[in-house]
Amino acid sequence: MKKLVVMSGKGGVGKSTVAVNLAFALKKKGYKVGLLDCDIHGPSVPKLLGLEDVRGLEVKDKKIKPLDVQGVKVFSMGFMLPSRDAPVVWRGPLKHKFIEEALNNVDWGDIDYLVIDLPPGTGDEVISIVQLAKPDGSVVVTTPQSVAIEDVRKAVNFSIHAGVPVLGVIENMSGMVCPHCGKTIEVFGAGGGKKLAAEMAVPFAGSIPLDTSIFKSGEDGKPFVDLDSPSAEIFCKIVDTLLENLEMVQEELKRLQEKAEKAKKEAEKKLEELRKKAGEKKEQ
Ligand SMILES: Nc1ncnc2c1ncn2[C@@H]1O[C@H](COP(=O)(O)OP(=O)(O)OP(=O)(O)O)[C@@H](O)[C@H]1O
Ligand SMILES: [Mg+2]
Ligand SMILES: [Zn+2]
């Protein structure tokens with residue numbers, strides 16, 4: 001199982017939208033997928049999938065059964081709250097416990113990918129999730145505005161320092177196609193995400209336009225990748241890029257591991273030879 005985390009430096013840039021649609025795009029490509037909403041205080045996966053009224057999940061053989069949404073296994077903190085408006089007043093250790101529970105005691109089965117939606121920023125919660133989950137890669141979401149770009153720099157650095165390879169920066173809400181004349185309006189500017197990725201030497205995965213159909217499908221509780229729309233097409237290409245980057249990262253990792261293994265064996269062999277020589281000398 002490969003774990004992918006969706007993160008950002010800032011709130012409201014579209015992480016959950018990206019996480020949900022990444023999961024459903026992977027499903028569309030034929031993979032077995034799980035979606036874990038790790039945003040304990042503001043879980044939005046239930047809303048984005050029209051599952052706000054789901055309360056409690058079945059427990060079988062001491063494992064929590066995730067919800068099956070068109071073949072995608074979904075687990076969210078939102079399902080465990082007593083009501084949809086109940087605030088979460090858990091303290092740090094309990095949050096840690098929830099995350100452990102979600103990773104180890106939810107019956108994910110033999111999925112290919114687990115997409116993890118994170119809360120905004122790079123605070124304690126995000127740190128513990130990343131430490132516990134040991135993700136194989138991260139997807140960093142930003143909007144074109146410079147403030148968000150500054151914050152996303154932190155998110156990229158955080159991922160790199162945590163040893164989680166950045167599979168791609170996504171610039172969301174990048175330009176809007178005018179429904180009246182078809183021309184693109186750059187509401188929040190454009191190109192910041194690409195520039196930032198180049199500056200920080202991490203891959204850029206693509207831009208998602210500001211699109212009323214994306215907003216509307218979120219309101220309707222349906223993934224927008226399932227629509228027949230230009231934005232859905234753009235998003236699927238972004239997912240292809242992320243998968244290509246993941247494959248590259250994993251190959252590189254394998255190569256490095258093999259190299260380290262070989263170096264270790266050679267060092268052991270040399271040490272053995274030296275020991276032998278030392279032994280022979282003693283005997284003389
Ligand atoms: N490209 C887009 N076009 C139109 N609306 C969008 C787009 N991306 C996201 N939205 C809308 O913006 C709002 C915020 O998105 P979302 O909840 O995914 O952000 P988030 O980064 O997860 O927020 P939080 O930091 O609160 O977790 C939602 O209403 C969503 O439908
Ligand atoms: Mg969110
Ligand atoms: Zn226009």
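Biologist: Where is glutamate 186 found?

Modeller: In this predicted model, glutamate 186 is found in the loop between β11 (184-185) and α6 (192-199). Helices (H or I, at least four residues) and strands (E, at least two) are DSSP runs, numbered from the N terminus. Residues are numbered from 1 along each chain as its sequence is written, local features need pLDDT of at least 70 and side-chain atom pairs count only at pLDDT 80 or more, whereas totals for chains, interfaces and linings use all residues. Chains are lettered from A and ligands numbered from 1 in the order in which they are written, and side-chain values use heavy atoms, with hydrogens and water left out.

Biologist: Why does glutamate 186 count as exposed?

Modeller: Buried means under 20% relative accessible area, exposed over 50%, and partly exposed in between (1.4 Å probe, protein chains only). Glutamate 186 has 51% relative accessibility and therefore counts as exposed.

Biologist: Why is isoleucine 185 called partly exposed?

Modeller: Isoleucine 185, in strand β11, has a relative accessibility of 41%, so it counts as partly exposed.

Biologist: What makes Cys178 and Cys181 the protein donors of the zinc ion (ligand 3)?

Modeller: Donors are N, O and S atoms within 2.8 Å of the metal (3.2 Å for Na, K and Ca); water is not among the atoms, so sites may look incomplete. The SG atoms of Cys178 and Cys181 lie 2.2 to 2.3 Å from the zinc ion.

Biologist: Which of the two is buried, and which is exposed?

Modeller: Cysteine 178 is buried because its relative accessible area is 12%, whereas cysteine 181, at 51%, is exposed.
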